[in-house]
Every structure is written in structure tokens, then in C-alpha cells.
Amino acid sequence: MQRLPTIVDVASTAGVSRQTVSNVLNSPDIVKPETRIRVEAAIASLGYHPHESARRLRMRKSSTIGIRLDPQTDGISGSVLDRFLHALTEQAAEQGLRILLFTARDHHDEVTQIERLRDTGDVDAFVLTSTTLGDPRTTRLAELGVSFVTFGRPWGVDDMDDPAHLWVDVDGRSGLHEGTSAYLSAGLRRVGYIGWPAGSGSGDDRMRGWRDAMLEAAQSPASGGVGLDALSVAVEDGVSQGAEAYRLLRAAGEVDAVVCASDSLALGALLASGGAIPVTGYDDTPVAAAVGLSSVRQPLDEVAAGVLELLTGAHAGRSTGGPANDPRHRLVRPRLVTRSPAPLPPR
């Protein structure tokens, strides 16, 4: 797909700054006639069209979007938010927008930092990540009238349809459903699951994908009651935890394959099994690719595009209670990446 020309391309062609191009587009009277003519000629020759949704955000104050830089959780699954941040920053720059990073101790401190940045005029809108059940940030920011979109559902009552919360999320259920179904279709009947303790919105969503696939297979006449043989173990996230969970699964009975809520857990299961059975993780991290681990890939470029569209489009980060079919909520489908790891020595 051919890349659309940007304001940077126009500035380069006309031999002016990006700010001058912006002035021609938004305040042409302050630009010298000869400069304006040169910029307009560059716009015409390139076929450039101003990004109207980005202009809505730019016309506020600072053209800046704020996002909290989360602390590193681990060296494997913790890379997902880093990749999302990279995609968001890259796509925002193409629209003439900037990303401002800030830190906070916890969710409550994050709200405090957001209020400070909003009140000083440094940031126009915000992106929240790592949403949780009963998340205190979303309710408070809505009360304050702060423009925001979350990467992640609210995980509360009516989380899929609540018009007071704009969000983009990845459909973890469909990802693990696809991973489990792939093993079942290959004739593997005892597909185990290693996930997180109940109460994690995204973790519970991923477990539903495995569970639903197993129940659907159990209802099939040719299944042989596969759902009755399925086993699951809930542990905290981590490689060593994944290894121990796999041993617990094996102690309870034979398993033909395992699907996991994260690549960290999957790597642990892979190491503990010595590569004797197929294992699928979640997030398709660089580690998964390096060791040949099958995994569910989150389309983070698509998530970033959806977040920016909601921030800069008709709603500009605010739910306005528009028509019932207004797409204020985006559920993005992930993709299963299948690999064949080399055998490993059991741990």
C-alpha cells in the first residue's frame, strides 16, 4: 500500500518548516504570499490532504497526547506495552501529534499526574493502559471531563457497550480459542491451560477462549468427551511459574498440548516439557520467536490506529452519546502464529 503524503513531505518539497505548512493550512493570512503559493503548489503536487481528525486535536492547545510509562514487569511479556508505545508514537508523528511520557506510582497517582498535565496545558488528551476490574482512573477522568481512550476494556458492568468509556482492546478470547481449536483439529484431545488467578480481566477473557473451544469440542459427536479430560492451572505470571504449572498438569494426567495466557508461562511449560508437547503462548514476544514458540500475536499497530482515531475523531476522546452504532469501542482480533521449536532438555 502506497504511503500517503504527510505534512513533513509537504514541508520538504516546499523548502519550509512544518510549522509554516501548518500556518498555511490553518492561518494563511500570517504567511507571506510567495511562501503560501509555494506551499500550496507542494500540497497540490503531492496530493496531500490534511488529516482532519488530527487537526481537531491540534486546534486545542499543544497537539500532545500523554501516556504513563509503566514499570517493567518482566523481560518477556512486559515488552508488549513497549511495542504498543512505539506504534502509537510513530503513528502520532505521522499525524503531526506528539507523545509525552510520564511516570506514576499507581493508578491514583496517575490520575493526579494527568490532572496536573491537563491543568498546565501541556497535554490535550491521554491514553490509559493496563485496565483492571473497577479501575479508579476511568470514572475519575470522566468526572473531570478529561479526554482519554484506554487500551483495554473497563472489565466492569456493561464493559462492552458503556458509552461513557472509549476503548480499544484485543479479543483475547478469540486468540486462545483459535490456539486451542488448532490443537483439537490436529487430533490432540487433552489440551491443558495455564493461566492467571481469577479476577484479571484479560486473563479471564483468555481462559474463556480455551474453555469455550474445549466445550464446543466436547459437544461434537466425534470428540470422545474431550472437554471432560481438559485440565487447567492458575498461577502468577512468570517462567518458573509456568514450569511448575506444567508439572502440576502432568501430575494430574497426560496432556497432549498446552495453551497459556502469556509467553512467560508458555516458555516455562516448554522448558519443563523439554519440547515434548506443543505449547502456545500469548503476545508473540521476541522471546517466543527466538525459541520457536507458537503464540497469539496482538496487532498493536491496529490498536494504536484505533486509539488515535478515537482520540482525534468526532469524539476527540470524549463520549458524546451519539448514535447507537457509533464505533466508540473497538475489539481487534489477534492472529495465531504457529512455530515448531527444537527439542529442549527437561528442567
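**Helix H11**

I began with helix H11, residues 239–252, in this predicted model. I found that H11 lies across E6, E7 and E8, and I noted that H11 runs at about 145 degrees to E6.

I then looked up how H11 stands to helix H12. Their axes come within 6 Å and cross at roughly 55 degrees. An angle between 35 and 65 degrees is classed as oblique, so I entered H11 and H12 as oblique to each other. I recorded the crossing of H11 past H12 as right-handed.

For the contacts between these two helices, I listed Val239, Gln241, Gly242, Ala243, Tyr246 and Arg247 on the H11 side. On the H12 side I listed Ser264, Leu265, Leu267, Gly268, Ala269, Leu271, Ala272 and Ser273.

**The sheet**

I next traced the sheet to which E6, E7 and E8 belong. I read an open sheet of 6 strands in the order E7-E6-E8-E9-E10-E12, with mixed pairing. I marked E7 (232–234) and E12 (335–337) as the edge strands, each of which pairs on one side only. The twist averages 20 degrees from one strand to the next.

**Strand pairs**

I followed the pairing from E6 to E10. Strand E6, residues 191–195, and strand E8, residues 257–260, pair in the parallel sense over 4 bridges. As one register point I noted valine 191, whose bridge partner in E8 is alanine 257.

I found E8 and E9 also paired in the parallel sense, over 2 bridges. Here valine 258 has valine 279 in E9 as its bridge partner. Between these strands the chain passes from E8 through H12 (residues 263–273) to E9, and I recorded this β-α-β crossover as right-handed.

For E9 and E10 I read parallel pairing over 3 bridges. The bridge partner of tyrosine 282 in E10 is valine 296. I noted a right-handed β-α-β unit made by E9, helix H13 (residues 286–291) and E10.

**Burial of E9**

I asked which residues of E9 are buried on each side. I found Val279 and Gly281 buried on one side, and Thr280 and Tyr282 buried on the other. Both faces of E9 are therefore entered as covered, with buried taken as under 20% relative accessible area. Two of these residues recur from the pairing entries: valine 279 is the partner of valine 258, and tyrosine 282 is the partner of valine 296.

**Helix H8**

I closed with helix H8, residues 172–185. H8 lies across E6, E8, E9 (279–282), E10 (294–297) and E12. I noted that H8 runs at about 175 degrees to E8.

Note on methods
Residues numbered from 1 in each chain as written. Predicted model: local features only at pLDDT ≥ 70, side-chain atom pairs only at ≥ 80, totals over all residues. Heavy atoms only, no water. Pairing = 2+ DSSP bridges. Axes fitted to C-alpha atoms, helices over the stretch in contact; angles between N-to-C directions. Contact = heavy atoms within 4.5 Å. Buried < 20%, exposed > 50% of the residue type's maximum accessible area, 1.4 Å probe, protein only. Right-handed = clockwise from strand over helix to strand, strands pointing away. Parallel < 35°, antiparallel > 145°, perpendicular 65-115°, else oblique. Left-handed = near helix turned anticlockwise from the far one by under 90°.
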